[in-house]
Each structure stands twice: as structure tokens, then as C-alpha cells.
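Colleague: Before I use this model at the bench, I want to know what stands behind the words used for it. Please take me through them term by term.

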Amino acid sequence: MKFEQLWLISPILKTLAREGFDTPTEIQEKVIPLANKGKDILGCAQTGSGKTLAFVLPILQNLYEARIAKDLPDGPIKRKIEALIIAPTRELAVQIWEACKVYCSDTNMKHTVIFGGVNDFHQIKAVEKWVDIVVATPGRLEDLISQGKIKLSYVKLLVLDEADRMLDLGFLWDVKKIMKRIPEEKQTLFFSATMPKQIQELSDSLLKSPEKISIKSKKPTIDN
């Protein structure tokens, strides 16, 4: 199967071609069509299976098509945070942000990344400039929400990546607090390599009739 067969929009296909990609990984092939239809997804997949693009591309497609449907201009517009991607570590958040940076180029979507361990000044300024997509670690995100610097009342696309690692790192309580600030009506993509009881309970509380996808990669791939 080729990316053209996944019904992706031309700006995304243009970027994929420029990056030298024509064939999706197994998880991309299974997730992208369902996510493009607005389905909630519960995915079991290891790091390195290619899942970053499996959720980044549908986010960009859905936001782009919604903007076209509203007949909004391509130029400067007032943007709200409509997509939130939560990752357990700074390294993973940056990796996802870098993928967004590449694939946002032809869709005119603005994005930023938020993580702890650094001064939050520039992160706050980036959000204040208006963005469509935020990639964040739970602790720093909850901190900025508590300060009133970030509002999530317009989020309609939510991704939780490597949820079991969030549990291992003690972020589950922060995640639950963040979830209370997001509209109930949204599309959620939930990924975890394992499904311990607490993660299963969290997914049950967030997902509505999810499509369940399990990938066991024999040879892990790299998203970029």
C-alpha cells in the first residue's frame, strides 16, 4: 500500500514525497484511515513502530479540512489550540514536535512544544502568538494551565502517547487533571505499549467505542 491510498490530502502527500516517503508502516496503514474518519483509537504499539506520523498526519488533515470547510483564510488568523498531544518525556515531545514542524509546512498549521526543565518564558510567548497544535509533557502543561497561560476549551483532537510511561513516571494524576479541562466532545487517540489496570481504566474513561489496533513490530522503524 502507498500513502496515496490512505486518502490523504495533497499538501500532506506533497510533504511525504519531499521527505522521500511513499509506503506507510503497519500502524500508519491501520490508524490513518480510521483517524481521518474521526474514530477514537486505542493502540498498542512499541516505540519505533512509526506511530508518530500515524497520529500527526490525521491531526493535520482534520484541522486543514475543517479550516477549508469554514472558508477561513490561509493568511494570519486568530488561532485556538484545537489539537493537544501529550507525551511522557521531553525527548519524545521534541521528536513529535519535529515531525509536526516538517508536515505543518504545507498545511499552514502553527504548533509549539512545552516541556519542563527549562524556563517557561519562551513557551508561554509561543502559545500567546496563537497556535493550532500543542505538544506537551503533562507536568509543565498542568503548571501553565494552573497559571492561566493555557486554555484547552477548544481542543477537539487529543493524543496520549506512551501512556504506560506516563504512569511509570508518576504523571497519571496530572493527566487526569488535564482531562477535566478538555471538552468532552473530542476525538481521542490513545497509545500505550502495555495495558496495566490503571491505563486500561484511563482509556475506558476517555475513549468512545474505540477502534482497537495492536502492532507487534519485529523490526522497529524510525519515524523520520
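What follows is a conversation on the terms and the values behind them.

Modeller: This is a predicted model, in which local features need pLDDT of at least 70 and side-chain atom pairs count only at pLDDT 80 or more, while totals for chains, interfaces and linings use all residues. Residues are numbered from 1 along each chain as its sequence is written, and side-chain values use heavy atoms, with hydrogens and water left out.

Colleague: What makes the chain as compact as a globular protein of its length?

Modeller: The radius of gyration is taken over C-alpha atoms, and the globule rule is 2.2 Å times the number of residues to the power 0.38. For 224 residues the rule gives 17 Å, and the chain has 16 Å, which is close to that, so the chain is as compact as a globular protein of that length. Along the principal axes, the C-alpha atoms fill a box of roughly 45 × 45 × 30 Å.

Colleague: How many helices and strands does the chain have, and what counts as one?

Modeller: The secondary structure comes to 9 helices and 7 strands. Both are DSSP runs numbered from the N terminus: helices are H or I with at least four residues, strands are E with at least two.

Colleague: Why is Thr 107 called buried?

Modeller: Buried means under 20% relative accessible area, exposed over 50%, and partly exposed in between, with a 1.4 Å probe and protein chains only. Thr 107 has 3% relative accessibility, so Thr 107 counts as buried. The residue is in the loop between helix 4 and strand 3. Beyond four places in sequence, Thr 107 touches Ile 9, Pro 11, Ile 12, Leu 60 and Tyr 64, where contact means heavy atoms within 4.5 Å. Of the 224 residues of the chain, 50% count as buried.

Colleague: Are Val 127 and Thr 112 buried or exposed?

Modeller: Val 127, in helix 5, has a relative accessible area of 10% and is therefore buried. Thr 112, in strand 3, is at 8% and therefore also counts as buried. Leaving aside neighbours within four places in sequence, Val 127 is in contact with Ile 81, Thr 112, Ile 114, Lys 149 and Ile 150. With the same neighbours left aside, the contacts of Thr 112 include Trp 97, Ala 126, Val 127 and Val 131.

Colleague: And why are Trp 7 and Ser 209 called exposed?

Modeller: Trp 7 is at 74% relative accessibility, so Trp 7 counts as exposed. Ser 209 has a relative accessible area of 71% and is therefore exposed. Trp 7 lies in the segment before helix 1, and Ser 209 in the loop between helix 9 and strand 7.

Colleague: What is the phi of each of those two?

Modeller: Most residues other than glycine have a negative phi. Trp 7 has a positive phi, near 60°, and Ser 209 has a positive phi, near 45°. Gly 148, which follows helix 6, also has a positive phi, near 80°.

Colleague: What makes a group of residues a nonpolar core?

Modeller: The members are buried Ala, Val, Leu, Ile, Met, Phe, Trp, Tyr and Cys residues, joined through side-chain atoms within 4.5 Å. The largest such core has 41 residues, of which Val 31, Leu 57, Ile 85, Ile 96 and Ile 133 touch the most other members. Helix 3 gives the most to this core, with 8 residues. A second, separate core of 30 residues includes Ile 86, Ile 124, Val 131 and Met 166.

Colleague: How do you know that helix 8 is roughly parallel to helix 9?

Modeller: Axes are lines fitted to C-alpha atoms, for helices over the stretch in contact, and angles run from 0 to 180 degrees between N-to-C directions. Angles under 35 degrees count as roughly parallel, over 145 as roughly antiparallel, 65 to 115 as roughly perpendicular, and the rest as oblique. Helix 8 and helix 9 pack at about 5°, with their axes 12 Å apart. That angle makes helix 8 roughly parallel to helix 9. Leu 172, Val 175, Lys 176 and Met 179 of helix 8 meet Gln 198, Ile 199, Leu 202 and Leu 206 of helix 9.
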